[in-house]
Amino acid sequence: MIAVVQPGLLTTIQDAGRHGWAHLGVPPAGPVDPVSHARANLLVGNDVGTAALEITLAGPELRTDAPLTIALVGGQADVTIDGQPAAMDAALAVPAGSTVTVGRLRSGLRCYLAVAGGLDVEPVLGSRSTDTLSGLGPPQLAAGHRLAVGQPAATGVRPVPPPPAAREAEQPVRVIAGPDDDWFTRPALAALTAGVYTVTPAGDRTGVRLDGPPLERADPGRELPSAAMVTGAVQVPPDGRPVILLANRQSTGGYPVIAVVATVDLPAVAQARPGAQLRFRTVDVDEAVEALQSEQAFR
Amino acid sequence: MRIRPAGDSALLVELDDLAAVHALRAGVLDAGLSGVEDVVAGARTLLLVIDPLTADRRAITAALPDLLADAAGSAVEGPLVEVPVRYTGPDLDEVAGLTGFRPAEVVRRHSAPIYTVAFLGFSSGFGYMVGLDPALHVPRRDTPRPSVPAGSVAIAGDSAAIYPQPTPGGWRLLGSTELRVFDPAADPPALLAPGHRVRFVPIT
């Protein structure tokens, strides 16, 4: 059992997500940075998609009564085991009765703490993910919560492929134009790829809210009939300031979608801190899929 | 139909009307196309969520016109759900004022048609229904309520709905039902699905 001494700012349980229920209005939830989540799981010998902790900005203090193997991947923070510094991006042996602390993230917005065997909480609609929008699934961590841990895989810790190449600062986020790009003026489409957009503090697991050159609609009076949304959709509300949808978004929306972030670049968006500057560059679907293929081990 | 990529992991199909959306949805579900993970209806669109690494998007795209044509010819009526409603909603009088009808007439007109669930969205189990009497088309409230009780029976614009959970909401509340609209432990978890038909039954 893992006891939560102090929960951190927003710590939730995420597995691969609650997929296949969008037709009933259920958000997918799941990790907003699926690559870091996958890598943490692989480092402890779990399958990709095993339930792990998603830690946001400031991490928790946890105590375990049994020995554990854990790994932390994502935004960088100081980690200690019984007060001793421990490394991120590596499998860590945590002795019975010890305390693990994860401090304030120095970079990025989220990191993932995977435990060999996974977190054993009751699935809802087939998933152990905390849905911060609808409330489905386990609640976010609070002091006093106790988390059961599943049986580690018999194979134990396995070699893990090297992480994806680190993004260069200022590397543009790849987006695929549409499906509603024809709702926007030519200058708006140009602004999306020429402009600099700043991440505002108003984001959460449902999406990133950006400030920057407003994207003007060709016909301001026209309303989009509600349509299904996708993670990564760049939605444009009437004020013209784009919102990039993340994993815990609603399943449908009524704002036009000028472009969709390529899946391969979703982690970069999910890790962008308030104040970070994003630029966009359009790619076609084939280029986006090719880029994704190089990270196949993590999905 | 127009088929556009919605990023690298979905295809958005734009269709002429809701009947086409439901027909294509049925056709795609029956065909069991490899790599298609979810099929999500909208008011005039159908989204196919696909696995970007394994789905053959060109084959899927090519198959859609025939799937629509075949399914359109054999459309089946969705099941009928009867929803008992106590018409004591906080906005009933305001809707009466906006439409020029007495409250009892608003109730009569709201409960007369058989509605069709167009699609679900906004929150788990929230079904947007078409078939509302045009004389009852009123705009949303200027200011949404921070929390609408679960089971609230509501209208806005040309649509009707039942709020499944307490959420913020700007629709006009005509009444409430004790039916459980969304229960994650139930099979299926939602009372409604695209294509279901609904009749509201006034009770006291």
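This is a short tour of two chains in a predicted model, stop by stop.

**Stop 1: a strand with two faces**

Start in chain A and select strand β4, residues 61–64. Side chains in a regular strand alternate between the two faces of the sheet. Here you can see that pattern: A:Leu62 and A:Thr64 point to one face and are buried, while A:Glu61 and A:Arg63 point to the other face and are not buried.

Now add the strands that pair with β4(A). Show strand β1, residues 2–6 of chain A; β1 and β4(A) run antiparallel and share four bridges. Then show strand β9, residues 99–102, which is also antiparallel to β4(A) and is joined to β4(A) by three bridges.

Keep A:Arg63 highlighted for a moment. Which residues are its bridge partners? In β1(A), look for A:Ala3; in β9(A), A:Thr99 stands opposite A:Arg63.

**Stop 2: a positive phi in chain A**

Next, select A:Asp82, in the loop between β6 (79–81) and β7 (84–86) of chain A. Check its backbone: phi is near 50 degrees, a positive value in a residue other than glycine.

**Stop 3: a cis proline in chain A**

Move along chain A to the loop between β12 (173–177) and α2 (186–194), where you will find A:Pro179. Display the peptide bond from A:Gly178 to A:Pro179: this bond is cis, and its omega is near 10 degrees.

**Stop 4: a cis proline in chain B**

Switch to chain B and select B:Pro188, in the loop between β12 (172–176) and β13 (197–203). The bond to show is the one joining B:Asp187 and B:Pro188, a cis peptide bond with omega about -5 degrees.

**Stop 5: a buried leucine**

Strand β12 of chain B is also home to B:Leu174. Is B:Leu174 buried or exposed? Its relative accessible area is 0%, so B:Leu174 counts as buried.

Show what is around this leucine. Beyond its neighbours within four places in sequence, B:Leu174 is in contact with several residues, including B:Arg86, B:Tyr87, B:Leu92, B:Val106, B:His110 and B:Ile155. For a distance to draw in the viewer, try the C-alpha atoms of B:Leu174 and B:Ala154: these are separated by 5.7 Å, with the two residues 20 apart along the chain.

**Stop 6: a positive phi in chain B**

Finish at B:Phe122, in the loop between β6 (115–120) and β7 (127–130) of chain B. Phi is positive here too, about 70 degrees, although B:Phe122 is not a glycine. Turn on the surface as a last step: B:Phe122 has 23% relative accessibility and therefore counts as partly exposed.

Methods: Residues numbered from 1 in each chain as written. Chains lettered and ligands numbered in written order. Predicted model: local features only at pLDDT ≥ 70, side-chain atom pairs only at ≥ 80, totals over all residues. Heavy atoms only, no water. Buried < 20%, exposed > 50% of the residue type's maximum accessible area, 1.4 Å probe, protein only. Contact = heavy atoms within 4.5 Å. Pairing = 2+ DSSP bridges.
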